[in-house]
Amino acid sequence: MNTLVSIIVPCYKQAHFLNDSLQSVLDQTYSDWECIIVNDGSPDNTESVAQQWCKKDNRFSYLYKENGGLSSARNAGIAISKGEYILPLDADDSIDKDYLIQLVPELQQDNSLAIVSCYSQFFEKDLKNIIYELKPNGTTNHDLLYVNQLIATSLYRKKCWEEVGGYDESMKKGFEDWEFWLAITKKAWHYKIVPEFLFYYRKSKKSMLVDTLNNHAELNKEYIYKKHKEIYIQDFDNCMTVLFYWLKTHRTGEQKIKNSLEYKIAKAICKPYRIIQKVLEKK
C-alpha cells in the first residue's frame, strides 16, 4: 500500500533552476506524491514557472507567501500538505528517480524511524560534473550532536514536524535543518541512511550554505547548543573536547597565517601607512 508523500519546494530567486528540480520530482518511479511549490516572495519569474508545472500535472500545486526565509517557506508548504511523509527539496537541487521508491518503504516498515536519508553527490552546472560525494552515517541523536549527518532533503514523518512545532523560523542564516533533526531525534526517534546516491546538491559559489559556513557557522552553533542544552549537558565531557579542539584548530590556523611569507610581506608594506596614521591621529 502506497503512502502519500508531500514534496515541499521553496523557491526564492531560483526560478532558473526550478525546472530541473521539478523534473526530478515528475520522474519519480513512486507515483503517490504531491508537490507544493512555495514562492517565498521571490522577485523573479517563480510564479510563471510554477504555474506551467501545475498545468502539466495536477499533483503539483502552488503557494505564494511574503518573504520569510527558508524555514518559514517550508512550514507554510507543510501546513497545507496532505501527505503522511514530508520531503523538503530546494529549488536548485534534484533527486534520483528512485529516491522515493527506495526510501518510503523504510518508514513504512519501521515505526521507530522518524527520518530516512541517503548518500549525496555534489555537482557544478550539471549532473555530469560530480565534484564531491557525501556518505553520512549514524542512527541516533548522539550522532548528530556535533556534525549534521542528515541532508535537508531527507524523508520524514509529518507527525514529527507537528511534534516539534516545525522548523525554527528565527534561523534565517542556515543550519535550520540541523536544528530540526536534533529537535526530532532527541525525542528518542531514530534515523536511517540508505547507502545509495539518490540526492544531487548543486554546488554554487554563491549559496546559502556557502554564506552560512563563511559568516554564520559559530553563531548558529551557539544558538543550537543553547536551545538544546540539555542534550549537550548530558554529553558534557565530549562536548568540551570538541569545543576545545575547534579552538585549537582555529588558533593553529591563525598562527600559520601569521608565519606565512605573504602575511609578513603585507605587514611590511602596510607599516609606513600605520606610522602616517599615528602621526595624523596626534594632530
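This passage describes the fold, a buried helical residue, one pocket and the salt bridges of a predicted model.

The chain contains ten helices and nine strands. Of its 283 residues, 45% are counted as buried. Contacts across the sequence were examined for residues at least 6 apart, and 80% of these contacts join residues at least 24 apart. The exposed surface of the chain comes to about 15,600 Å², of which 54% is supplied by carbon and sulfur atoms.

Ile184 belongs to helix α6, which spans residues 176-185. The relative accessible area of Ile184 is 1%, under the 20% limit, and the residue is therefore classed as buried. When neighbours within four places in sequence are set aside, Ile184 is in contact with Ala114, Ile115, Cys160, Val164 and Trp189. For one of these partners, Cys160, the separation from Ile184 is 24 residues in sequence and 6.3 Å in space, taken from C-alpha to C-alpha.

Helix α6 also takes part in a salt bridge through Glu179, whose side chain meets that of Lys227 at 3.1 Å, N to O. This pair links distant parts of the chain, with Glu179 in helix α6 and Lys227 in helix α7, 48 residues apart. The two partners were assessed separately for burial. Glu179 has a relative accessibility of 2% and therefore counts as buried, the limit being under 20%. Lys227, at 37% relative accessibility, falls between the 20% and 50% limits and so counts as partly exposed.

By the rule applied here, the count of salt bridges comes to eleven. Another of them joins the side chains of Asp90 and Arg74, with an N to O distance of 3.3 Å. This pair too links distant parts of the chain: Asp90 lies in the loop between β4 (85-88) and β5 (94-95), Arg74 lies in helix α3 (residues 70-79), and the two are 16 residues apart. Both Asp90 and Arg74 are buried. Together with Glu176, Arg74 and Asp90 are linked in a network of salt bridges.

A further salt bridge is found within helix α7. Glu222 pairs with Lys226, and their closest N and O atoms are 2.8 Å apart. Both residues lie in helix α7, four residues apart, which is about one turn of the helix. Glu222 has a relative accessible area of 37%, between the 20% and 50% limits, and is therefore partly exposed. Lys226, at 54% relative accessibility, is over the 50% limit and so counts as exposed.

Glu222 and Lys226 also appear in the lining of the second largest pocket. The space in this pocket is about 400 Å³. The elements that give two or more residues to its lining are α7 (208-227) and α9 (236-259). The largest share comes from α7, with six residues. Besides Glu222 and Lys226, the lining includes Ala217, Glu218, Lys221, Tyr225, Lys229, Leu243, Trp246, Leu247, Thr249 and His250. By class, the lining residues divide into five nonpolar, two polar and five charged.

Key. Residues are numbered from 1 along each chain as its sequence is written. This is a predicted model: local features need pLDDT of at least 70, side-chain atom pairs count only at pLDDT 80 or more; totals for chains, interfaces and linings use all residues. Side-chain values use heavy atoms; hydrogens and water are left out. Buried means under 20% relative accessible area, exposed over 50%, partly exposed in between (1.4 Å probe, protein chains only). Contact means heavy atoms within 4.5 Å. Accessible areas come from the Shrake-Rupley method with a 1.4 Å probe; for residues, only the protein chains shown count as cover. On a 1 Å grid over the protein atoms alone, a cavity is a set of points where a 1.4 Å probe fits but cannot get out, and a pocket is an open set with protein on both sides within 12 Å along at least five of seven lines; lining residues have an atom within 4 Å of a point. Grid points are joined across faces, edges and corners, and a volume is the space filled by probe spheres set on the points. Ala, Val, Leu, Ile, Met, Phe, Trp, Tyr, Cys and Pro count as nonpolar, Asp, Glu, Lys and Arg as charged, and the others, Gly among them, as polar. A salt bridge is a side-chain nitrogen of Lys or Arg within 4 Å of a carboxyl oxygen of Asp or Glu.
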